[in-house]
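The following questions and answers concern how certain terms are applied to the structure shown here.

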Amino acid sequence: MDELKKELFYQPKNGYDLVDAKECVAIEDYCRGYMDFLDNARTEREAVREAVALAEAAGFKALTDDAKGIAPGEKVYSVNRGKGLMLAVGGRRPMTDGCVIGAAHIDAPRLDLKQNPLYEDGELAYLRTHYYGGIKKYQWTAIPLELHGVVCLKNGETVNVVVGRDPEDPQLVITDLLPHLAQDQMAKNASKLIEGEKLCLLAGSVPYAGEGSDRVKLAVMSILNDKYGITEADFISAELEVVPAFDVRELGLDRSMIGGYGQDDRVCSYAELKAILELDEAPERTAVCILADKEEIGSDGVTGMQSQAFERFIGQLCGDPAAVQACFSHSFCVSADVTAALDPLYAEVSEKQNAARLNYGVGLCKFTGARGKSGASDASAEVVGRIRRICDDAGVLWQMCEMGKVDQGGGGTVAKFMASRDIDVIDAGVPVLSMHAPFETTAKLDCYMTYKCMKAVYTAG
Ligand code: MN
Ligand code: MN
């Protein structure tokens with residue numbers, strides 16, 4: 001009976017019962033590189049900068065506006081307004097045979113400074129924020145925060161701002177009420193516990209010497225003016241993102257996990273990037289890697305996955321914009337995005353038989369969406385069959401998974417925006433605990449297997 005069960009049953013196994021010592025070393029090596037990347041890529045702009053540096057070191061060249069096609073083995077990249085990145089390695093077959101695409105996103109939930117953020121109250125200076133993406137607002141209070149971004153001055157010059165990353169830098173915080181006086185607050189629904197308008201950064205407390213109003217605000221503004229040459233009006237044309245100040249760390253007494261901010265979806269972005277950078281000879285079909293912005297707010301916007309910037313890039317690789325649709329229709333895309341891992345502390349939201357587990361490998365999702373699969377592109381059986389075959393042939397540990405119980409909630413990825421382009425697409429990514437929290441948890445083995453999956457997909461052609 002045991003033999004028959006072995007033959008007939010689908011029995012996923014813990015990855016650590018399947019990898020050998022050599023692969024364990026490869027997992028550690030890979031994750032060190034990932035952790036470095038994650039530490040230095042706290043915004044989409046920084047992710048692009050880091051990725052371009054790695055790409056140039058691997059021999060990739062910026063695609064020029066007059067580019068006409070891509071030669072076999074040629075390695076190119078194109079930056080979309082500093083916030084999105086597309087890379088390609090030319091294949092042996094023509095572009096009209098389709099390409100193999102990996103699509104991930106480099107934006108992450110955060111707090112953006114408002115366009116007129118600075119004010120003073122009770123002789124303290126504050127910066128108002130507007131949150132970006134899906135967050136539990138209460139998680140953003142009483143933790144160390146940093147400020148990253150750009151300020152565009154009236155004269156056209158762009159000033160880069162980073163406050164809090166350097167160990168010598170000060171950091172920022174959003175205060176919360178002490179439990180002693182939180183009787184009314186604690187009785188509130190968690191979504192109302194911290195109101196959006198209370199997500200204001202404490203920015204300073206020392207008044208400018210002299211008499212008059214708004215002296216603390218003035219002191220803070222003069223510090224910013226000294227350091228960055230900006231005035232209050234320059235906030236209007238700024239993109240300043242408030243992100244957690246936590247360092248990326250190994251987690252668990254066994255060091256098997258990684259803790260850090262923005263792993264959704266920089267963990268899959270890095271997996272894709274590393275996989276394409278390592279293609280040292282021309283793959284069968286052109287390999288394309290997209291690191292998109294704006295996924296957390298619907299993939300809209302000129303740097304999001306719905307932007308025609310992607311059509312333009314593919315048109316350049318085809319050497320003929322009219323060939324883009326033919327290329328798409330033969331292409332295959334892995335939408336590399338994280339999925340929810342089964343959390344034993346909150347097992348009630350998952351259906352165990354179909355939930356992703358830590359250390360079971362890259363999580364393949366046939367569909368995302370909510371309720372009756374609403375909003376899902378729902379990969380076909382043929383597409384699932386294809387990736388299953390590719391993974392098995394390459395020794396990639398994978399698991400089939402679904403995010404949460406039916407009717408418990410849901411989510412989406414860029415997959416449907418590739419599907420609407422007539423591209424076969426499936427979701428695959430790293431299972432995450434505490435997704436969208438300021439400090440997210442992944443397992444090293446799953447991070448590595450996602451990279452291995454992407455490499456197998458690119459190599460299979
Ligand atoms: Mn995501
Ligand atoms: Mn997300």
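Q: Why is Asp 264 called buried?
A: Asp 264 has a relative accessible area of 3%. Buried means under 20% relative accessible area, exposed over 50% and partly exposed in between, with a 1.4 Å probe and protein chains only; Asp 264 is therefore buried. This is a predicted model, in which local features need pLDDT of at least 70 and side-chain atom pairs count only at pLDDT 80 or more, while totals for chains, interfaces and linings use all residues. Residues are numbered from 1 along each chain as its sequence is written, ligands are numbered from 1 in the order in which they are written, and side-chain values use heavy atoms, without hydrogens and water.

Q: What makes Asp 264, Glu 296 and His 436 donors of the manganese ion (ligand 2)?
A: Donors are N, O and S atoms within 2.8 Å of the metal (3.2 Å for Na, K and Ca); water is not among the atoms, so sites may look incomplete. The donor atoms of Asp 264 (OD), Glu 296 (OE, listed twice) and His 436 (NE2) lie 2.1 to 2.6 Å from the manganese ion (ligand 2). Asp 264 also coordinates the manganese ion (ligand 1), 3.4 Å from ligand 2.

Q: How do you know that His 436 is buried?
A: Its relative accessible area is 19%, and His 436 therefore counts as buried.

Q: Which residues is Tyr 458 in contact with, leaving aside its neighbours within four places in sequence?
A: Contact means heavy atoms within 4.5 Å. Among the partners of Tyr 458 are Val 100, Glu 272, Leu 279 and Cys 289.
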